[in-house]
Amino acid sequence: MALKYIEEYRDATLARDLIKKIHGVSKRKLRLMEVCGTHTMSIFKHGIRSVIPEGITLLSGPGCPVCVTAQKDIDAFVEFARVKNVIVTTFGDLMKVPGSSSTLAKEKASGADVRIVYSVFDAINIAKDNIDKEVVFCAVGFETTIPTIAASILMGIEAKIDNFSIYSANKLTPPALAALMVTKGVEIDGFILPGHVSVITGTNAYRDTFEKYDVPSVISGFEPIDILKAILLLIEQNEIGKPALENAYPRAVSDQGNVKAQQIMNQVFEVCNAFWRGIGEIPLSGMGLKKEYQVFDAAIKFGMDMPEVPEPKGCACGEILMGLKTPEQCALYKKKCTPMTPVGPCMVSTEGSCAAFYRYS
Amino acid sequence: MTEEKILLDHGSGGKVSHSMFSDIILPLFENPELSKQDDGATLDIDGAKLAFSTDSYVVDPIFFPGGNIGDLAVNGTINDISMCGAIPKFISVGLIIEEGLSIKDLKSILETMATAAKKAGVKIVTGDTKVVPRGKADKIFINTSGIGVIPDNVEVSGHNAKPGDKIIVSGTIADHGITVLSSREGLKFDSDIKTDSAPLNHMVQSIVQSDCDVHVLRDPTRGGLGTTLNEIAVQSQVGIKIDEQSLPIRGAVQGTCELLGFDPLYIANEGKLIAFVKPEDAQKALEIIQQDEFGKDAVIIGEVIDETPGKVFLQTAIGGSRIVDMLTGEQLPRIC
């Protein structure tokens with residue numbers, strides 16, 4: 001399982017060359033936003049901030065799925081864990097995200113059956129093995145994971161599994177970018193667009209937003225060479241004053257995207273309004289189950305409708321996700337809020353910008 | 001407000017484990033030997049210098065490529081004693097067995113323990129067995145304790161790192177953690193990775209008994225290389241700088257980490273040591289380690305610096321720099 005293709009994209013000579021070019025073309029101060037949490041992690045992991053010009057500020061955007069999950073949705077996950085005979089299945093990152101009163105990890109320590117899965121299909125298997133229990137999957141994610149969740153629902157129908165359901169807090173990327181562009185105070189000179197999401201959506205998914213707001217946008221992979229290349233393209237676009245939507249990840253992303261995955265996603269889910277943590281409701285930015293698949297909707301099955309609750313006082317996750325603040329500008333950062341005692345989800349998720357700042361800087 | 005409870009994080013070997021130790025455990029038991037917080041305690045009994053250590057093993061699954069919970073438990077304690085610079089001599093074994101474990105599995109575990117002890121040249125001299133009802137433990141948990149003798153003129157401790165020291169790691173990192181993870185239910189995949197569980201006592205004696213000036217020895221088990229380097233940086237109040245490109249990581253291990261989002265710096269090792277050696281002796285110490293059967297892939301990965309006490313920095317492959325913090329949550333529960 002040698003991942004040879006990775007090494008080329010971490011090549012020190014190539015990197016030096018790109019860094020030199022970046023310093024050569026960079027004249028003005030720019031604020032670039034990496035939308036995706038995986039980019040945030042990669043930027044920190046490879047020390048990219050330390051090699052680019054000081055005038056280039058990298059902001060972490062609303063692309064860490066756990067970070068943008070609304071408080072009321074976290075509360076719902078905790079509440080499911082408290083229901084008798086329910087097995088809650090979740091990706092690991094959600095375990096420690098604080099709801100209003102508890103976390104999934106604390107509920108597990110108190111005896112709830114909460115299991116970390118690496119794929120929604122593991123949750124289906126758990127349902128098959130526990131027919132006397134109800135299995136709820138916490139569906140948190142973007143276009144990258146929504147198709148597999150849709151596939152699991154279709155699988156559940158085929159295998160006649162009736163003890164499996166999902167709570168959908170799924171979200172779509174382009175509407176969030178559009179929402180950012182009209183938010184007061186937000187200043188972004190370019191987007192590093194997510195690689196994984198774009199594999200599914202294709203470049204075309206960003207075209208409307210791009211044409212409307214004319215902001216430099218480059219789709220990027222996750223290796224340091226990919227990210228440095230995207231930064232270089234964004235600086236060049238800014239310096240010559242010609243914004244463009246460019247695909248700098250053509251080895252994985254096409255114009256159309258993965259059409260089959262889109263079809264499965266659109267067969268099971270439909271676009272709906274969604275709550276984003278710190279940002280609020282963004283129209284048509286979520287994906288809810290279509291009527292014919294609502295027997296798999298955990299919220300309906302269990303009559304779960306948690307009230308909206310204010311986010312913890314002082315937590316600046318929302319402003320951080322919109323690029324209005326950096327983690328260091330949050331009053332709680334490294335004081336009340338640390339990875340051991342997180343207040344907001346940005347400090348919990350491995351892809352959260354606060355956690356990344358805490359860990360790597 | 002709900003009552004505070006123990007979470008899996010408390011067992012990670014990272015920051016939360018450390019705060020449990022310093023906030024709850026240390027204040028109650030405080031004494032100079034415990035407060036040193038090395039892998040084992042070094043004791044002076046009427047002039048005889050001894051090392052004493054204990055460790056419990058709860059790994060899941062109990063059998064994995066390259067080993068099982070038995071040799072892991074024996075090698076683990078041998079290594080903890082060895083990291084005090086001591087020659088391990090005697091080991092105790094405590095077995096907590098769940099009702100229903102097959103006798104065949106038990107025998108197989110005990111056989112590997114016997115083999116591991118023999119290979120390392122230590123004796124299992126005392127022990128205990130308990131059986132608990134089904135569901136009250138998971139198959140088998142093993143505790144081992146051991147004592148060893150510290151030769152004259154040997155003094156290694158996490159407190160002894162000095163600016164300029166070169167840092168040697170005795171081989172590829174993250175093999176054990178990734179092996180256990182990839183043999184778990186629900187995450188099985190084919191690879192040729194196996195645990196690196198091995199006794200390091202002979203390797204340790206060949207370096208501490210040489211004329212190389214070795215300041216620190218540590219085996220980066222739970223919490224991985226990153227956490228262990230942080231512990232030493234704090235204990236010795238020095239800065240540490242390591243070079244990403246020099247880190248020895250197997251391709252398959254790196255690939256698995258990429259796939260699952262793990263950082264090999266925080267993944268457990270069970271047959272590796274790190275040695276902090278005076279710079280002029282570093283090359284010689286490296287060669288001695290490389291001559292040991294478990295040290296063939298040893299390399300120098302970095303050095304101790306005279307600034308930023310308590311912090312570990314990584315020079316990345318692209319020429320950037322970043323901090324390596326202590327593990328803050330549980331990456332993988334029940335890895336050892």
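This dialogue reads salt bridges and a surface patch in a predicted model.

Visitor: What should be known about the model and its numbering?

Guide: The model is predicted, so local features need pLDDT of at least 70 and side-chain atom pairs count only at pLDDT 80 or more, while totals for chains, interfaces and linings use all residues. Residues are numbered from 1 along each chain as its sequence is written, chains are lettered from A and ligands numbered from 1 in the order in which they are written, and side-chain values use heavy atoms, with hydrogens and water left out.

Visitor: How many salt bridges are there over all chains?

Guide: Side chains of opposite charge can pair when their charged atoms come close. With a salt bridge defined as a side-chain nitrogen of Lys or Arg within 4 Å of a carboxyl oxygen of Asp or Glu, the count over all chains is 22.

Visitor: Which parts does the pair K272(B) and D175(B) tie together?

Guide: These two side chains form a salt bridge at 3.7 Å, N to O. K272(B) lies in the loop between α8 (251-260) and β11 (274-277) of chain B and D175(B) in helix α5 (residues 175-182) of chain B, so the pair ties together parts 97 residues apart in sequence; helices (H or I, at least four residues) and strands (E, at least two) are DSSP runs, numbered from the N terminus.

Visitor: Is K272(B) buried or exposed?

Guide: Buried means under 20% relative accessible area, exposed over 50%, and partly exposed in between (1.4 Å probe, protein chains only). K272(B), at 6% relative accessibility, counts as buried, and D175(B), at 1%, counts as buried. D175(B), D196(B), R250(B) and K272(B) are linked in a network of salt bridges.
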